[in-house]
Amino acid sequence: MIAGLNDAVRTPRSFTIHFASPPADGPCEVRVVQERKGRSLATLSARLEQDGKLRALALGAFSPPWPAQEIAAGP
């Protein structure tokens with residue numbers, strides 16, 4: 001997904017993967033799709049397919065570093 005985004009400033013912020021079925025030993029194919037790229041957040045998906053079947057689906061969110069937010073002092 002990092003290579004698919006090709007943006008050194010945007011780093012991974014979240015990543016989830018769901019296995020639809022267990023992959024077997026042998027070749028497989030991974031397809032990465034840039035679902036959306038906004039000003040500060042990019043969302044990508046990746047599909048792991050083997051023998052024409054979906055084996056896993058992943059979602060990732062990428063953004064540049066965010067400035068630290070100041071915590072307001074209480075009364």
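Good morning. I begin with a term: a residue counts as buried under 20% relative accessible area, as exposed over 50%, and as partly exposed in between. By that rule arginine 31, at 41% relative accessibility, counts as partly exposed. The structure shown above is a predicted model, and I shall return to arginine 31 when I come to the charged residues.

Let me start with the strands. β3 and β4 pair in the antiparallel sense, over 9 bridges. One of the paired positions is alanine 42, whose bridge partner in β4 is phenylalanine 62. The hairpin formed by β3 and β4 has 2 residues between the strands, and there aspartate 51 takes a positive phi near 55°. On another pairing, β4 and β1 run antiparallel and are joined by 8 bridges. Within β4, glycine 60 is the bridge partner of phenylalanine 15.

I turn now to the interior. In soluble globular proteins, nonpolar side chains tend to be buried together. Which residues make up the largest nonpolar core here? There are 7 of them: Met1, Leu5, Ala42, Leu44, Ala46, Ala58 and Phe62. Two elements, β3 (42-50) and β4 (53-63), give two or more residues each to this core. The largest share, 3 residues, comes from β3. Alanine 42 and phenylalanine 62 thus appear here as core members, having already been introduced as bridge partners.

Methionine 1 deserves a closer look. If we leave aside neighbours within four places in sequence, methionine 1 is in contact with Phe15, Val32, Leu44, Ser45, Ala46, Ala58, Leu59, Gly60 and Phe62. Among these contacts, Leu44, Ala46, Ala58 and Phe62 also belong to the core. The list also includes both Phe15 and Gly60, the bridge partners I mentioned a moment ago.

Not every nonpolar side chain is in that core. Phe15, Ile17 and Phe19 make a nonpolar surface patch of about 340 Å². Isoleucine 17 has its place in strand β1, which covers residues 11-19. With a relative accessibility of 40%, isoleucine 17 counts as partly exposed, because that value falls between the two cut-offs I gave at the start.

Next, the charged residues. Side chains of opposite charge can pair when their charged atoms come close. How many salt bridges does a search of the whole structure find? The search finds 5.

One of them joins the side chains of aspartate 7 and lysine 37, at 3.7 Å from N to O. Aspartate 7 lies in the loop between α1 (2-5) and β1, whereas lysine 37 lies in strand β2 (residues 29-37), so this pair ties together parts that are 30 residues apart in sequence. Lysine 37 counts as partly exposed, at 41% relative accessibility.

Another joins arginine 31 and glutamate 49, whose side chains meet at 2.7 Å, N to O. Because arginine 31 belongs to strand β2 and glutamate 49 to strand β3, the pair ties together parts that are 18 residues apart in sequence. Is glutamate 49 buried or exposed? At 14% relative accessibility, glutamate 49 counts as buried, whereas its partner arginine 31 counts as partly exposed.

Glutamate 49 also meets arginine 47 in a salt bridge, at 3.0 Å from N to O. Arginine 47 has a relative accessible area of 34% and is partly exposed. With Glu29 added, these residues form a network: Glu29, Arg31, Arg47 and Glu49 are linked by salt bridges.

My last topic is a pair of residues, proline 27 and glutamine 50. Proline 27 lies in the loop between β1 and β2, and glutamine 50 lies in strand β3. They are 23 residues apart in sequence, yet their C-alpha atoms are 7.0 Å apart in space. Their accessibility falls on opposite sides of the cut-offs: proline 27, at 75%, counts as exposed, and glutamine 50, at 3%, counts as buried.

What is glutamine 50 in contact with, leaving aside its neighbours within four places in sequence? The residues are Pro23, Ala24, Asp25, Gly26, Pro27, Cys28 and Arg55. Proline 27 is therefore one of the contacts of this buried glutamine.

Thank you for your attention.

Definitions and conventions:
Residues are numbered from 1 along each chain as its sequence is written. This is a predicted model: local features need pLDDT of at least 70, side-chain atom pairs count only at pLDDT 80 or more; totals for chains, interfaces and linings use all residues. Side-chain values use heavy atoms; hydrogens and water are left out. A nonpolar core is a set of buried Ala, Val, Leu, Ile, Met, Phe, Trp, Tyr and Cys residues joined through side-chain atoms within 4.5 Å. Buried means under 20% relative accessible area, exposed over 50%, partly exposed in between (1.4 Å probe, protein chains only). Helices (H or I, at least four residues) and strands (E, at least two) are DSSP runs, numbered from the N terminus. Contact means heavy atoms within 4.5 Å. Patches are made of residues with over 30% relative accessible area and no salt bridge: like charges are joined within 9 Å, nonpolar side chains (Val, Leu, Ile, Met, Phe, Trp, Tyr) within 5 Å. Accessible areas come from the Shrake-Rupley method with a 1.4 Å probe; for residues, only the protein chains shown count as cover. A salt bridge is a side-chain nitrogen of Lys or Arg within 4 Å of a carboxyl oxygen of Asp or Glu. Two strands pair if DSSP finds at least two bridges between them.
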